[in-house]
Amino acid sequence: MKRLFWLILIGLLLASTAYLGLNHDPGYVRISVGNWLIESNLYVLAIINIAILVLLFITLSIVRRLWRAQKSAGQWLGNSRAQKAAKKTNEGLLAFLEGNWGDASKLLKSSADKSATPIVNYLAAAHAANEQGNKKEAELLLQKAYDKTTDSDFAVGIAKAQMELDQNELESSLATLIRLKARKPNHPFILKLLRSVYVRLEDWQQLIQIIPELKKAPNADKAKLHELEEQAWRELFTQKADELQRDNQVDKASDELAELWKKLPDSVRYDDTVILNYATQLIRLQNGLEAETLLRKMLVRNWSDSLIALYGTVKANNPAEQLITAETWLKSRPNNHVLLLSLGRISLQNELWGKALEYFEASNSLHPSKESLAELCRLEQHLGKAKSHGSDHISGLISALALPQLPLPKTEG
């Protein structure tokens, strides 16, 4: 509409000018260029100029339309390529989710440059290459992902750490994760990967350090993390005992293990399995007296069959007092077969053979088990009463169970 308005306006002006000019002298125009001489009146020159302008306008209009057509064709071609790339990307991601690593890598790589999210293509293709065991290809794709965008280094770092973990390159993965954690200390996935690395490296000390952070993560499974924390402390006590034994520093066991015990958080301190492992390591490193004290205190606080079972094998400063203490527990638990078994063993430490025999018989009667039967038969053998059971496999059972070394009566006959 605007063009039509201006054309009408210009036409009216020209028509007005021509009309007015008809009543006047048309004038004379002479143009000399080199050997060329052009002579004309004003009207003819004006018509020629108008014709030139019209031709110029038409030419410009044609050029503009051609340019728009070319641009539209380019956009259509670009859209077509983008659509093909998007289709390949979708197919590649589906292949990735299905575990079809070869097709996933091929499709995602070929569509990466035209994809709206090339970093996603390259990272997924790198994972697919890694799953095929093609380490060099995976590294090359990670580098392409890094080069593609300016803010991709963190995402690339996570992918790199995960692939190193998959390839069992634990030290490399750990170095990558520590660097990433320095940038984002509470990143849930970084913490999760660190947990996996520390468990596989058996670095229980470092694992314990990050468990509070893991518990704060969104949707954290606190029950499983609590179990992991208990495991870490058990393993740490065992690891420390191994270290002391290897370095011939058994004399430091009491102090070293006690230091670990002081560091235990309240949520773990009274866990049966942790206490049991701590006491077991004390016994292993010839600190049975401390183990007995620990077990007695814990049993008074919170009863545990696993702890009373160990208590029956540990040597106290005063075996008679140990027996009296255990018998007081029997008053409230007369039918606890584990306590009865331990009472039999403590009776052996006091060389009370008859009482030990009664306790073993009571335990086996309440809850027949290989352990109570083996203890009963071992004692009967030493008392010369082995024939009462008449079982040929008793000796093999005793040997197989590796019963604790306890005082026994001298074999009669």
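Trainee: Why is E375 called buried or exposed here?

Mentor: Buried means under 20% relative accessible area, exposed over 50%, and partly exposed in between, with a 1.4 Å probe and protein chains only. E375 has 1% relative accessibility, so E375 counts as buried. This is a predicted model, where local features need pLDDT of at least 70, side-chain atom pairs count only at pLDDT 80 or more, and totals for chains, interfaces and linings use all residues. Residues are numbered from 1 along each chain as its sequence is written, and side-chain values use heavy atoms, with hydrogens and water left out.

Trainee: What makes E375 and R378 a salt bridge?

Mentor: A salt bridge needs a side-chain nitrogen of Lys or Arg within 4 Å of a carboxyl oxygen of Asp or Glu. For E375 and R378 the N to O distance is 2.9 Å, so the pair meets that definition. Both residues lie in helix α19, three residues apart, about one turn of the helix. R378 is buried too, because its relative accessible area is 10%. Salt bridges that share partners join R345, E371, E375 and R378 into one network.

Trainee: How do you know which class R246 and D247 belong to, exposed or partly exposed?

Mentor: R246 has 59% relative accessibility, so R246 counts as exposed. D247 has a relative accessible area of 37%, and therefore D247 is partly exposed. Their side chains meet in a salt bridge, at 3.8 Å from N to O.

Trainee: What is the nearest side chain of opposite charge to E230, and where does that leave E230?

Mentor: That side chain is R234, 4.3 Å away, and E230 is buried yet has no salt bridge. For charge, Lys and Arg count as positive and Asp and Glu as negative, while His and the chain ends are not counted. E230 sits in helix α10 (residues 222-246).

Trainee: Why is I394 called buried or exposed?

Mentor: I394 has a relative accessible area of 7%, so I394 is buried. Leaving aside neighbours within four places in sequence, I394 is in contact with L373, C377 and Q381, where contact means heavy atoms within 4.5 Å. The C-alpha atoms of I394 and C377 are separated by 7.0 Å, although these residues are 17 residues apart along the chain.

Trainee: Which helix holds I394?

Mentor: I394 lies in helix α20. Helices (H or I, at least four residues) and strands (E, at least two) are DSSP runs, numbered from the N terminus.
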